[in-house]
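Work through these short exercises with the structure in view. Try each task before you read its solution.

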Amino acid sequence: MQTKRSYIDGVHPEAELLKEGAEWLRAGELVAFPTETVYGLGANALDASACAKIFAAKGRPQDNPLIVHVCNRVMANLLVEGWTPAAELCVQHFWPGPLTLVMPKTANVLDIVTAGLPNVAIRMPSHPVALRLIEETGLPIAAPSANLSGKPSPTSGSHVWRDMKSKIPLILDAGACLVGLESTVLDLSGGIPTILRPGGISKEQLEAVLGEIQVDELLENQVPKAPGMKYRHYAPQGEMILMVGSSERVVQRMGQEIYKGHARLKKVGVLCTLESAPFLHNRLPDLLFVLGSKNRPEEVASNLFEGLRLCDERGMDIILAEGVEEGGLGTAIMNRLQKAAGRKIQYI
Ligand code: TXA
Ligand code: MG
């Protein structure tokens with residue numbers, strides 16, 4: 001299939017491009033589009049064969065359900081029942097935005113979308129292209145991140161192009177995504193609201209509005225409530241080591257690891273903060289990518305997946321990544337870094 005990549009204005013999206021996207025979606029085809037978090041791979045959520053194409057294009061396991069994207073409350077009401085006061089507060093404070101709500105589904109929601117689960121995950125994105133595309137289509141849009149399964153989520157049109165070229169008819173490319181990490185997935189289906197995946201809206205932000213919040217800590221061999229969390233996401237090809245500690249010690253340890261790697265004829269890439277970068281240049285890594293300042297986690301979040309992808313493209317055998325402080329957006333950043341590193345975390 002030939003893929004068309006159309007550049008679209010991220011603030012005032014061109015009407016004819018939105019129309020073209022909507023036509024493909026209504027015809028049961030896939031369209032990749034930007035959201036404020038990462039790019040989504042969209043299909044008509046009410047069309048089972050269109051949704052099946054998502055799983056095929058991504059190579060996604062069938063047991064991993066899809067988030068449904070809506071552009072207004074009426075559309076959300078078609079999909080979800082049992083709006084609780086907590087759900088109302090979330091909508092009021094965080095929609096449109098990077099918060100996905102898991103709630104009991106109505107009969108309108110297809111099994112392929114929820115992977116047979118009784119609840120559906122929905123969110124209203126704030127990116128003008130995403131919102132206007134859903135509006136123009138007039139349908140709820142099922143959309144996972146537009147990456148091949150197991151790769152970092154795409155935060156630019158170029159990332160989508162690399163993963164989805166010749167698999168889908170249209171990519172709407174509005175450049176870089178603002179947040180750069182996926183939405184927070186919050187389970188509101190019963191009891192205390194529970195974070196299933198940390199993301200663009202922090203636990204602290206949710207607590208300020210909802211009061212007590214739980215975090216779903218995945219235990220060994222437990223079936224995760226968000227099935228996607230069991231997969232080793234965001235995994236680069238190279239062996240990744242995540243280092244957590246003071247900047248000084250991280251720099252020193254990275255220097256040693258670069259030396260050791262080179263002795264084994266390995267290519268060593270470094271993902272570090274702006275503060276550590278000046279001390280790492282002269283250790284001669286094969287790639288040095290600055291994620292952003294320690295004091296600006298939103299900067300680190302927006303650059304993280306780009307850095308991981310770059311390490312793969314440049315064939316790094318070993319990737320040394322500097323951790324950030326937990327709390328706020330830092331918790332979501334560390335969640336993604338830990339997943340990418342598997343178990344290889346060094347606390348120093
Ligand atoms: O920011 C985002 O959320 C992006 C953009 C495109 O909206 N989407 C995204 O989708 O990250 P995806 O499919 O890559 O991740 C969705 C996560 C998975 O971990 C999945 O298991 C979980 O949400 N999820 C989806 N439906 C669920 C449900 N009904 N119950 C529990 N977890 C669900
Ligand atoms: Mg994903």
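**Exercise 1.** Is the crossing of H1 and H6 left-handed or right-handed? Describe how the two helices pack.

Solution. The model is a predicted one.
- Locate the helices: H1 covers residues 15-26, and H6 covers residues 128-137.
- Take the geometry: the axes lie 9 Å apart, at an angle of about 55°.
- Classify the angle: angles of 35 to 65 degrees fall in the oblique class, so H1 is oblique to H6.
- Give the hand: H1 and H6 cross in a right-handed way.

**Exercise 2.** Which residues of H1 and H6 meet, and how do they divide by type?

Solution.
- From H1, take Leu 18, Lys 19, Gly 21, Ala 22, Leu 25 and Arg 26.
- From H6, take Val 129, Arg 132, Leu 133, Glu 136 and Thr 137.
- Sort them: 5 are nonpolar, 2 polar and 4 charged.

**Exercise 3.** At what angle do the axes of H4 and H8 cross?

Solution.
- Locate the helices: H4 is residues 85-94, and H8 is residues 203-210.
- Read the angle: the axes cross at roughly 120° and come within 10 Å.
- Classify it: H4 is therefore oblique to H8.
- Give the hand: the crossing of H4 and H8 is right-handed.
- List the contact: Ala 86, Leu 89, Cys 90, His 93 and Phe 94 of H4 meet Gln 205, Leu 206, Val 209 and Leu 210 of H8.
- Sort these residues: 7 nonpolar, 2 polar, no charged.

**Exercise 4.** Which ring does the charged end of Arg 73 sit over?

Solution.
- The ring belongs to Trp 83.
- The charged end of Arg 73 is 3.8 Å from the ring centre.
- Now search the whole structure for aromatic pairs: the count is 0.

Methods: Residues are numbered from 1 along each chain as its sequence is written. Chains are lettered from A and ligands numbered from 1 in the order in which they are written. This is a predicted model: local features need pLDDT of at least 70, side-chain atom pairs count only at pLDDT 80 or more; totals for chains, interfaces and linings use all residues. Side-chain values use heavy atoms; hydrogens and water are left out. Rings of Phe, Tyr and Trp (its six-membered ring) pair if their centres lie within 6.5 Å; planes under 30 degrees apart count as stacked, over 60 as edge-to-face and the rest as tilted. A charge sits over a ring if NZ of Lys or CZ of Arg is within 6 Å of the ring centre and within 35 degrees of the ring normal. Axes are lines fitted to C-alpha atoms, for helices over the stretch in contact, and angles run from 0 to 180 degrees between N-to-C directions. Helices (H or I, at least four residues) and strands (E, at least two) are DSSP runs, numbered from the N terminus. Angles under 35 degrees count as roughly parallel, over 145 as roughly antiparallel, 65 to 115 as roughly perpendicular and the rest as oblique. A crossing is left-handed if the near helix is turned anticlockwise from the far one by less than a right angle, and right-handed if clockwise. Contact means heavy atoms within 4.5 Å. Ala, Val, Leu, Ile, Met, Phe, Trp, Tyr, Cys and Pro count as nonpolar, Asp, Glu, Lys and Arg as charged, and the others, Gly among them, as polar.
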